[in-house]
Amino acid sequence: MANFEPDINHRIWQIVATIPQGKVATYGSVAEKAGMGRAARRIGHALRDLPLDTRIPWHRVVNAQGRIALPAGSSRHQAQRQRLEKEGISFGRHERIDLKQFGW
DNA sequence: TACTTGACAGCAT
DNA sequence: AATGCTGCCAAGT
């Protein structure tokens, strides 16, 4: 059968929704938990497809280097950073989050 | 239809 | 530490 993405997106969103407040997960770990192996790239697409008013905590997903993947300066980037800091997550040198401390 | 790009990651050099 | 290559998958050109 043909893989319909809406199902995949749902699976991904469900995983993202389980990330505890004050913690962050990486694209790779979300992909793995979703049973998608190394398809980290697919995660980005799923998050991109989220509606603006979603309650899914998409901001808790960062790249493997602990940095926000969105283009610096974009409104989404700023929104993500603001929400993370509001949850107690701090950014260190070079806008990086310490995954040893805040990683899920 | 083929090639490129993109909210990425892991390994080799 | 920095680059390059490969895996993965959808969407744009």
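**Residue H59, helix α4 and the surface near DNA strand B**

H59 lies in the loop between α3 and β2 (61-62). In this predicted model, H59 has a relative accessibility of 5% and therefore counts as buried, the cut-off for that class being under 20%. When neighbours within four places in sequence are left aside, the contacts of H59 are Q80, R83, L84 and E87. Two of these residues, Q80 and L84, recur in the description of helix α4, where they are listed as buried.

Helix α4 comprises twelve residues, 75-86. The distance from its first C-alpha to its last is 16 Å, close to the 16 Å expected at 1.5 Å a residue. Its buried residues are H77, Q80 and L84. Viewed down the axis of α4, these buried residues fall within an arc of 65°, and they therefore line one face of the helix. In an α-helix there are 3.6 residues a turn, so residues three or four places apart point the same way. The buried residues of α4 pack against β2. On the face turned away from this buried side, α4 carries the exposed residues S75, Q82 and K86. The residue G88, which follows α4, has a positive phi, near 95°.

The protein surface near DNA strand B is formed by 15 residues, of which R41, H45, N63, A64 and R76 are the closest. By residue class, this surface divides into seven nonpolar, five polar and three charged residues. Helices α2 (27-33) and α3 (40-48) each supply at least two residues of the surface. The most is given by α3, which contributes six residues.

On the side of the nucleic acid, 37% of the atoms of DNA strand B within 4 Å of the protein belong to sugar or phosphate, and the rest belong to bases. Several polar atom pairs involve base nitrogens of the strand. For R76, a polar side-chain atom lies 3.0 Å from a base nitrogen of DNA strand B. For L47, by contrast, it is a backbone N or O atom that lies 3.2 Å from a base nitrogen. R48 likewise places a backbone N or O atom 3.4 Å from a base nitrogen of DNA strand B. Of these residues, R76 is also listed among the closest to DNA strand B.

How values were computed:
Residues are numbered from 1 along each chain as its sequence is written. Chains are lettered from A and ligands numbered from 1 in the order in which they are written. This is a predicted model: local features need pLDDT of at least 70, side-chain atom pairs count only at pLDDT 80 or more; totals for chains, interfaces and linings use all residues. Side-chain values use heavy atoms; hydrogens and water are left out. A residue is near a molecule or strand if one of its heavy atoms lies within 4 Å of it. A polar contact is a pair of N or O atoms within 3.5 Å; within protein, one must be able to donate a hydrogen and the other to accept it, and residues adjacent in sequence count only if both atoms are side-chain atoms. Helices (H or I, at least four residues) and strands (E, at least two) are DSSP runs, numbered from the N terminus. Ala, Val, Leu, Ile, Met, Phe, Trp, Tyr, Cys and Pro count as nonpolar, Asp, Glu, Lys and Arg as charged, and the others, Gly among them, as polar. Buried means under 20% relative accessible area, exposed over 50%, partly exposed in between (1.4 Å probe, protein chains only). Contact means heavy atoms within 4.5 Å. The expected span of a helix is 1.5 Å times one less than its number of residues. The arc is that of the directions from the helix axis to the C-beta atoms.
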